[in-house]
Amino acid sequence: MKTRGQGSVFSGDVPAIIMIVLSIGFFMSSVYLALDHFNSIKANLDIESALVDAASVFLKENAKIKPSDLSSNSQFWNLRIARIENSKGVKIYTELRALDPMSACFNEGECVAGKPPPDNTELLSKRFPIALKSGDTDLEVYPALVKISVYK
Amino acid sequence: MPKKFMLRKGQAEIMDGLILMLIAAICSTVLLHISSTYGVIPTEIYEETYAQKLAQNTLLSLYHITYLDDVNSPFYKKSIMVAVSQELSSGNRNFGNVGNVAGDMLRNILQTYSQELGWHFMFAIISGDTIFDESIVSTDPSVTNSRTFKQNVGNPSCASAALTYPKGDCSTGGGGSAGNSNMCYAIFEICTWQS
């Protein structure tokens with residue numbers, strides 16, 4: 001028989017119940033963390049996949065793109081890029097910049113399409129070389145860079 | 001049962017609790033490990049795809065970009081690959097030499113891309129596994145020939161394409177004769193790697 005002072009609240013079923021509650025809590029928080037991680041990675045993968053798709057479009061259109069194609073109401077934009085935006089649930093902002101001052105689109109902000117990403121938005125952005133047709137004939141093709149920014 | 005092996009009230013439940021905690025810890029660790037590795041491989045694939053697209057885009061750009069610097073040049077408003085083709089036709093593949101017209105055009109464009117993008121680029125004429133050292137135009141000062149390319153560049157992404165040129169000595173381009181036509185062909189390669 002226990003005398004006064006020897007008994008403990010941590011006797012009997014109490015420790016087991018505490019451990020069961022702790023175990024379930026720990027496991028549930030792990031599930032929550034894992035799901036959270038899955039969702040954020042999935043969002044990143046959507047963005048990366050949209051970026052690769054958009055880059056592929058510009059790869060196919062090398063030397064066919066004219067400065068006027070880079071505007072949000074151009075047919076090129078709506079057919080090719082808006083389709084990626086819709087299928088991946090992302091927004092794409094594109095900047096085209098010629099590397100030769102003789103070409104159109106040499107100045108920053110001159111040839112852009114899409115909605116510029118708001119400040120502090122998490123975005124993924126890559127730049128690709130591209131040949132830009134700029135001039136009266138098809139024989140004036142300049143080196144240029146296309147910068148694609150993808151965000152949710 | 002001997003007295004010392006007998007569990008007192010509460011000890012069995014504590015054992016159950018400990019076992020449950022252990023199971024929960026193992027399951028949680030496995031779950032967190034799976035979630036942390038999820039997406040790693042696709043991300044690596046996308047990065048590789050980007051490098052690959054960079055090489056392909058550069059190669060395609062070179063085909064399309066026209067020479068517009070000098071109206072008196074025979075290559076004015078012609079693709080810079082026409083200049084490469086002309087050099088090969090005249091038996092010259094020293095594109096790496098400063099002063100080589102086609103080599104200088106290539107160098108200018110690759111240097112501009114390199115400065116803007118922070119990646120290095122290399123143009124070379126290849127034949128099978130052989131890179132012709134004298135044809136190398138590289139933006140990386142540590143890459144001057146095939147040996148230094150293999151030594152100093154870890155994992156480049158490369159894209160290659162064929163280029164035909166009017167028949168001269170077909171061995172210049174390393175590719176041989178293009179069928180029964182009066183043309184030879186060469187394989188050129190654009191490699192890119194991070195600075």
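# Two chains, their strands and their contact

In chain A, strand S3 (residues 123-133) and S4(A) run antiparallel and are joined by 11 bridges. That pairing belongs to a predicted model, so please read everything below as a description of a computed structure. Chain A comes to 2 helices and 4 strands, and 40 of its residues are in contact with 40 residues of chain B. Here is a friendly tour, starting with the strands of chain A and ending where the chains touch.

**Strands of chain A**

- Strand S4(A) covers residues 141-151, and 9 of its 11 residues are buried, so this strand is largely enclosed by the rest of the structure.
- One pair of residues to look for between S3(A) and S4(A) is A:Lys133, which stands opposite A:Val141 of S4(A).
- S4(A) also pairs with strand S1 (residues 91-98) of chain A, in the antiparallel sense and over 8 bridges.
- For that second pairing, a handy landmark is A:Lys91, whose bridge partner in S4(A) is A:Tyr151.

**Overall form of chain A**

- Read from the N terminus, the order of elements in chain A is α-α-β-β-β-β.
- Chain A has a radius of gyration of 28 Å, whereas the globule rule gives 15 Å for 152 residues; the value is well over the rule, so the chain is more spread out than a compact globule.
- Along the principal axes, the C-alpha atoms of chain A fill a box of roughly 105 × 25 × 20 Å.
- Of the 152 residues in chain A, 32% count as buried.
- Taking the contacts in chain A between residues at least 6 apart in sequence, 66% join residues at least 24 apart.

**Helix H1 of chain A**

- Helix H1(A) spans residues 14-60, which makes 47 residues.
- From its first C-alpha to its last, H1(A) reaches 69 Å, close to the 69 Å expected at 1.5 Å a residue.
- Buried residues of H1(A) include A:Met19 and A:Ser23, and also among them are A:Ile47, A:Glu48, A:Leu51, A:Val52 and A:Phe58.

**Strands of chain B**

- Strand S1(B) covers residues 119-127; 8 of its 9 residues are buried, so S1(B) is largely enclosed by the rest of the structure.
- S1(B) runs antiparallel to strand S6 (residues 183-194) of chain B, with 8 bridges joining them.
- Within that pairing, B:Met122 has B:Cys191 of S6(B) as its bridge partner.
- Strand S3 (residues 137-138) of chain B is joined to S1(B) by 2 bridges, again antiparallel, and B:Val137 in S3(B) is the bridge partner of B:Phe123.
- Strand S2 (residues 130-131) of chain B runs antiparallel to S1(B) as well, through 2 bridges, with B:Ile126 opposite B:Ile131 of S2(B).
- S1(B) and S2(B) form a hairpin with 2 residues between them, and in the turn B:Gly128 has a positive phi of about 65°.

**Where the chains touch**

- The contact between the chains involves 40 residues of chain B and 40 residues of chain A.
- On the chain B side, the elements giving two or more residues are helix H1 (11-37), helix H2 (40-64) and helix H4 (101-117) of chain B.
- H1(B) gives the most to this side, with 14 residues.
- By residue type, the side of chain B that touches chain A divides into 19 nonpolar, 15 polar and 6 charged residues.

Note on methods:
Residues are numbered from 1 along each chain as its sequence is written. Chains are lettered from A and ligands numbered from 1 in the order in which they are written. This is a predicted model: local features need pLDDT of at least 70, side-chain atom pairs count only at pLDDT 80 or more; totals for chains, interfaces and linings use all residues. Two residues are in contact if their C-beta atoms, placed from the backbone, lie within 7 Å. Ala, Val, Leu, Ile, Met, Phe, Trp, Tyr, Cys and Pro count as nonpolar, Asp, Glu, Lys and Arg as charged, and the others, Gly among them, as polar. The radius of gyration is taken over C-alpha atoms; the globule rule is 2.2 Å times the number of residues to the power 0.38. A residue is buried if 20 or more other C-beta atoms lie within 10 Å of its own, exposed if 12 or fewer, and partly exposed in between; C-beta atoms are placed from the backbone. The expected span of a helix is 1.5 Å times one less than its number of residues. Two strands pair if DSSP finds at least two bridges between them.
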